[in-house]
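User: Please take a close look at one sheet in this model and at a residue that sits in it. I would like a connected account, with the setting of the whole chain added where it helps.

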Amino acid sequence: GREIIVGNLVTNGGFDLFTTANTPNGGFTTQGTITQETTVTFGARSSLKIVSAATTAAFVRFAIPNWGKLYGRTVRCYAMVRSDSASSCTLQFSDGVLITTKTVTTNNVWEMLLITPQMSNAATQAQVSVEIAALASGASTTYVQFLYVPDPDPLYEQTAIDAARNLTWIGNLKVST
């Protein structure tokens, strides 16, 4: 009954090391007030706190490298989030042609968001983000525990097998028991 996922977009498996002075390596961009949160946590690990303003949306976005191998494939995107406004927070995947989203449905409860878009053959990018809308009622706060996009077919595309058919390397790995 336990699932282990390796391949989080954020190093260290979550946002434990994230601060405004120490943003994750790679293609991350942010907007809004972004800080490390040690009080509201999931699994006793720090989360990322994103605050939007009343007139300005907020987001944390990751540009997926080597996205060309995803053409025409179904991509799974996960995020564990907790938002103080159920309708304001979405997980979003964009390939430059299509945008797929999933919106948080509860207030102040950790919720797993999952989207499974099919990447367009005419795609010009691949990026996944947690987006928080600007609310006329004031600032909205969302906490993010992890952001994950597994390879759509890791055992066939990221597994190296030597001449004797021995497994020599695995990229992203998902193990369920």
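Analyst: The part to look at is an open sheet of 5 strands, arranged in the order β2-β5-β10-β7-β8 and paired in the antiparallel sense. Its edge strands are β2 (28-31) and β8, each of which pairs on one side only. From one strand to the next the twist averages 15 degrees. The model is a predicted one.

Within this sheet, strand β5 (residues 58-63) pairs with strand β10 (residues 127-132) over 6 bridges, in the antiparallel sense. One residue pair can be named here: R61 has S129 of β10 as its bridge partner.

In the sheet order, β7 stands between β10 and β8. Strand β7 covers residues 89-94, and S94 belongs to it. Is S94 buried or exposed? S94 has a relative accessible area of 7%. It counts as buried because this value is under the 20% cut-off.

The surroundings of S94 can be described from its contacts. Once neighbours within four places in sequence are set aside, S94 is in contact with I99, Q125, A126 and Q127. Of these partners, I99 lies in β8, which spans 99-103, and Q127 lies in β10, which spans residues 127-132. With Q125 there is also a polar contact, made between the two side chains at 2.9 Å. A further distance concerns P117: its C-alpha atom and that of S94 are separated by 8.9 Å, while the two residues are 23 apart along the chain.

Beyond the edge strand β8 the chain runs into a loop. This loop lies between β8 (99-103) and β9 (111-115), and N108 has its place there. The phi angle of N108 is near 55 degrees, a positive value in a residue other than glycine. N108 has 41% relative accessibility and counts as partly exposed, because that value falls between the 20% and 50% cut-offs.

As for the whole chain, it contains 1 helix and 14 strands. It has 177 residues, of which 42% count as buried, and S94 is one of the buried residues. Among contacts with a separation of 6 or more, 69% are between residues 24 or more positions apart. The chain exposes about 9100 Å², with carbon and sulfur atoms supplying 51% of that area.

Conventions
Residues are numbered from 1 along each chain as its sequence is written. This is a predicted model: local features need pLDDT of at least 70, side-chain atom pairs count only at pLDDT 80 or more; totals for chains, interfaces and linings use all residues. Side-chain values use heavy atoms; hydrogens and water are left out. Helices (H or I, at least four residues) and strands (E, at least two) are DSSP runs, numbered from the N terminus. Buried means under 20% relative accessible area, exposed over 50%, partly exposed in between (1.4 Å probe, protein chains only). Contact means heavy atoms within 4.5 Å. A polar contact is a pair of N or O atoms within 3.5 Å; within protein, one must be able to donate a hydrogen and the other to accept it, and residues adjacent in sequence count only if both atoms are side-chain atoms. Accessible areas come from the Shrake-Rupley method with a 1.4 Å probe; for residues, only the protein chains shown count as cover. Two strands pair if DSSP finds at least two bridges between them. Axes are lines fitted to C-alpha atoms, for helices over the stretch in contact, and angles run from 0 to 180 degrees between N-to-C directions.
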